[in-house]
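Thank you all for making the time this morning. I would like to walk through one model with you, going from the backbone to the side chains and then to the surface.

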Amino acid sequence: MKKSAGVRFLKNHISNRVFDSIKRPTYAYITITSVCNSRCKYCDMWKNKEGDETNADEWKKIIDELANLGVVTLTFSGGEPFIREDLFELASYAKSQGLITMVVTNLSLFKERHIEKIAESFDFFGISIDSTRSEIYKEVRGVDWLERIKENVHKLMAGLTELKADVYVCGMVTISNRNAYELHDVIHMIFDDLGMDTISFNLLDPGGGATAKEFLPTHEQINYVKKVLFDHKSLYPISNSTRFLNQLGNFDYRCNPWKSVQINEKGFLQSPCLFVSAQPDIFPGGREIDLCKNKLSDVWREEQKIYSKYADCKLCNLGCVAESAWSTYDLKFILKDSFFGMILPTMKRIRERNNRGIGPVETLNEGDN
């Protein structure tokens with residue numbers, strides 16, 4: 001993590017500790033497109049049709065507002081973000097405004113010509129990959145792409161290594177009842193076969209799609225997963241905190257939804273979160289604000305009142321939500337779990353990758369975590 005990013009995180013944390021009247025969100029997530037080319041069984045977003053989406057100039061104005069509000073990281077999500085031809089333009093613009101830029105992609109639309117742009121535009125590059133077996137990948141994601149994605153990862157890692165780029169390349173794994181017992185193999189595929197820098201795990205969201213509940217892992221499977229992850233936590237840079245892993249499946253946290261600003265493909269701020277439009281019965285006080293017509297800085301003070309109503313919501317098991325909540329006031333969590341437990345081991349692996357050159361990266365020694 002660059003020094004400027006660390007300073008930005010620290011300023012954000014101090015501001016939220018000292019000033020109660022105006023909260024400063026740390027993370028922002030923009031659904032750059034709601035269209036997706038996967039057919040995941042636990043997510044219905046791929047059913048969306050292409051429609052009116054926020055254009056590049058409008059997104060840039062929203063990005064300016066996010067930066068001015070004190071946001072530290074900006075994630076471009078979807079749908080499949082690479083469907084947008086202006087993805088790199090927008091990410092580069094966000095980076096020029098001092099934001100840490102992230103993206104989560106299925107990597108199906110990757111081209112080798114993208115490598116230099118990825119190095120220039122993104123600090124964190126997340127790739128969704130849940131299984132080592134093509135039949136499981138196809139069953140869960142509805143497309144037979146595993147071998148293509150693995151080939152694309154090899155090309156990406158080789159290119160970033162040649163450029164000595166500091167991009168964090170992360171395998172994003174959704175834990176379901178289909179892959180729970182192969183996570184040991186998934187970890188070794190991500191690190192030893194594909195040479196990626198880090199890995200992140202999330203439990204499947206039961207509200208993500210009509211058939212999502214059919215893929216929920218059992219308590220027995222979750223306990224097995226926890227054992228596997230703890231066995232590997234000291235050996236590889238796993239981008240989940242020990243607190244997250246300890247509470248996997250049974251989180252104890254105050255959501256603090258204002259911590260993570262979420263904006264949909266039409267440029268609407270979704271208060272308190274992205275679930276608001278899909279579940280009005282759960283969020284009767286939720287609403288959407290058109291940020292193409294309203295400045296975020298003008299509406300933010302009022303929006304905080306909505307966020308505060310749902311601080312005790314535990315609707316989702318998303319690590320980004322739980323861990324951002326813990327980091328709100330807990331400086332010890334930020335330093336011990338986030339920096340020393342996750343960021344520093346990943347930085348070391350990237351440094352070794354770039355110093356070694358193209359090829360597999362050695363496993364971290366157990367004492368290095």
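Let me begin with a question: where in the chain is the place of proline 272? Proline 272 sits in the loop between strand 8, residues 268-271, and strand 9, residues 287-290. Please keep in mind throughout that this is a predicted model. I start at proline 272 since the peptide bond that leads into it from serine 271 is cis, with omega near 5°. A cis peptide bond is also found from glycine 78 to glycine 79, where omega is near 15°, and glycine 79 belongs to the loop between strand 2, residues 73-77, and helix 3, residues 87-96.

Staying with the backbone, I would point you to two residues with positive phi. Lysine 164, which is not a glycine, has a positive phi of about 55°, and lysine 164 lies in the loop between helix 6, residues 146-163, and strand 5. Asparagine 256, likewise not a glycine, has a positive phi of about 45°, and its loop is the one between helix 9 and strand 7, residues 260-263. If you look at the surroundings of asparagine 256, you will find that it is buried, with a relative accessible area of 11%.

Now to the charged side chains. How many salt bridges does the structure hold? The count is 16, and I will take you through some of them. In the pair formed by glutamate 182 and arginine 133, the N to O distance is 4.0 Å. Glutamate 182 comes from the loop between strand 5, residues 168-175, and helix 7, residues 183-193, while arginine 133 comes from the loop between strand 4 and helix 5, residues 134-141, so this contact ties together parts that are 49 residues apart in sequence. As for their exposure, glutamate 182 is buried at a relative accessible area of 5%, whereas arginine 133 is partly exposed at 37%.

Arginine 243 and aspartate 330 form a salt bridge in which the closest N and O atoms are 2.9 Å apart. This pair links distant parts of the chain, with arginine 243 in helix 9, residues 242-246, and aspartate 330 in the loop between helix 11, residues 319-326, and helix 12, residues 331-356, 87 residues apart. Both partners are partly exposed, arginine 243 with a relative accessible area of 26% and aspartate 330 with 24%.

The salt bridge between lysine 227 and aspartate 231, at 3.0 Å from N to O, lies within one element: both residues are in helix 8, residues 219-233, four residues apart, or about one turn of the helix. Lysine 227 is exposed, at 52% relative accessibility, and aspartate 231 is partly exposed, at 43%. There is also a network of salt bridges, and it links Glu53, Arg84 and Asp86.

Lysine 227 serves as one end of a comparison with phenylalanine 125, since the two are 102 residues apart in sequence and 27 Å apart in space, C-alpha to C-alpha. Phenylalanine 125 is part of strand 4, residues 124-128, and counts as buried, with a relative accessibility of 0%.

Next, the cysteines. How many disulfides does the count come to? The count comes to zero. For cysteine 36, the closest cysteine sulfur is that of cysteine 40, and at 6.1 Å the two are too far apart for a bond, given that a disulfide calls for sulfur atoms within 2.5 Å. Cysteine 36 counts as buried at 17% relative accessibility, and cysteine 170 counts as buried at 0%.

Finally, the surface. Leu10, Ile14, Val18 and Phe19 make up a nonpolar patch there, with about 390 Å² of accessible area together. Of these residues, let me single out isoleucine 14, which lies in helix 1, residues 3-18, and is partly exposed at 43% relative accessibility. A patch of positive charge is also found on the surface, where Lys111, Arg113, Lys117 and Arg148 gather. Lysine 117 belongs to helix 4, residues 115-121, and is partly exposed, with a relative accessible area of 43%.

That is where I will stop, and I am happy to return to any of these sites in the discussion.

Technical notes
Residues numbered from 1 in each chain as written. Predicted model: local features only at pLDDT ≥ 70, side-chain atom pairs only at ≥ 80, totals over all residues. Heavy atoms only, no water. Patch = residues over 30% accessible without salt bridge, like charges linked within 9 Å, V, L, I, M, F, W, Y side chains within 5 Å. Areas by Shrake-Rupley, 256 points an atom, 1.4 Å probe, with all protein chains shown as cover. Lys, Arg positive; Asp, Glu negative; His and termini not counted. Charge placed at Lys NZ, Arg CZ, Asp CG, Glu CD. Buried < 20%, exposed > 50% of the residue type's maximum accessible area, 1.4 Å probe, protein only.
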